[in-house]
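Before reading on, please take a moment to look over the fold as a whole. The paragraphs below then lead through it step by step.

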Amino acid sequence: MMDIQLKKGFLEILVLASLKNEDSYGYRIIQDVSEIMEISESTLYPILKRLEAQDFVTTYSTEYNSRLRKYYKITKLGLQKIKESESDFLEIKKIYDYILK
């Protein structure tokens, strides 16, 4: 099981990356991110609130099966955040490659 601190560092970027190609809603984001790293509702929604507060995502609601569904959309700032994280991830990859060789 991955160290909780290490996991925390990846989750925000994973959530942003899940929104890179299309807007999405909470349950779908959980499904997408869970393919890579386990995430629960109680973990996701505070992350989404933080990302929204930092202007990395915006929200809007649309009707789905007679109910409103809240969608999350990545902003230009959110895309920039992903881009800025690339060098960090390359550095982490070097560390893992070294450990695993």
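What follows goes from the whole chain to its helix contacts, then to a strand residue and a loop.

The model shown here is predicted, and every value quoted below should be read with that in mind. The chain holds four helices and three strands, and when these are read along the sequence they follow the pattern α-β-α-α-β-β-α. Taken along the principal axes, the C-alpha atoms fill a box of roughly 55 × 30 × 20 Å. Of the 101 residues in the chain, 32% are buried, and the accessible surface comes to about 7500 Å², with 53% of that area belonging to carbon and sulfur atoms. If one takes the contacts between residues at least 6 apart in sequence, 49% of them join residues at least 24 apart.

With that outline in place, the helices can be taken in pairs. Helix α1 covers residues 4–18, and its axis comes within 10 Å of the axis of α2, the two crossing at roughly 115 degrees. Because angles from 65 to 115 degrees count as roughly perpendicular, α1 and α2 are described as roughly perpendicular to each other. Their crossing is right-handed. On the side of α1 the contact is made by L11, L14, V15 and S18, while α2 contributes I29, D32 and V33. Sorted by class, this contact of α1 with α2 has five nonpolar residues, one polar and one charged.

Helix α2, which spans residues 26–34, also meets helix α3, made up of residues 41–53; their axes come within 10 Å and cross at roughly 110 degrees. At that angle α2 is roughly perpendicular to α3, and α2 passes α3 in a right-handed crossing. Here G26, Y27, I29 and I30 of α2 meet E41, L44, Y45 and L48 of α3. By class, the contact of α2 with α3 has six nonpolar residues, one polar and one charged. The residue I29 deserves a second look, since it is listed in the contact of α2 with α1 and again in the contact of α2 with α3.

I29 also leads to the next stop, the strand residue S24. S24 is found in strand β1, which consists of residues 24–25. Is S24 buried or exposed? Its relative accessibility is 4%, and because buried means under 20% relative accessible area, S24 counts as buried. Leaving aside residues up to four places away in sequence, S24 touches L19, I29, K70, Y71 and Y72.

Three of these partners, K70, Y71 and Y72, direct attention to strand β3, which runs over 67–74 and is joined to β2, at 57–64, by a loop that includes N65. S66 is likewise placed in the loop between β2 and β3. What is the sign of phi at N65? The value is positive, about 50 degrees, although N65 is not a glycine. S66, also a residue other than glycine, has a positive phi near 65 degrees. Turning to accessibility, N65 counts as exposed because its relative accessibility is 61%, and S66 is exposed too, with a relative accessible area of 66%. The loop residues N65 and S66 are thus exposed, whereas S24 in strand β1 is buried.

Conventions. Residues numbered from 1 in each chain as written. Predicted model: local features only at pLDDT ≥ 70, side-chain atom pairs only at ≥ 80, totals over all residues. Heavy atoms only, no water. Buried < 20%, exposed > 50% of the residue type's maximum accessible area, 1.4 Å probe, protein only. Contact = heavy atoms within 4.5 Å. Axes fitted to C-alpha atoms, helices over the stretch in contact; angles between N-to-C directions. Parallel < 35°, antiparallel > 145°, perpendicular 65-115°, else oblique. Left-handed = near helix turned anticlockwise from the far one by under 90°. Nonpolar A, V, L, I, M, F, W, Y, C, P; charged D, E, K, R; others polar. Areas by Shrake-Rupley, 256 points an atom, 1.4 Å probe, with all protein chains shown as cover.
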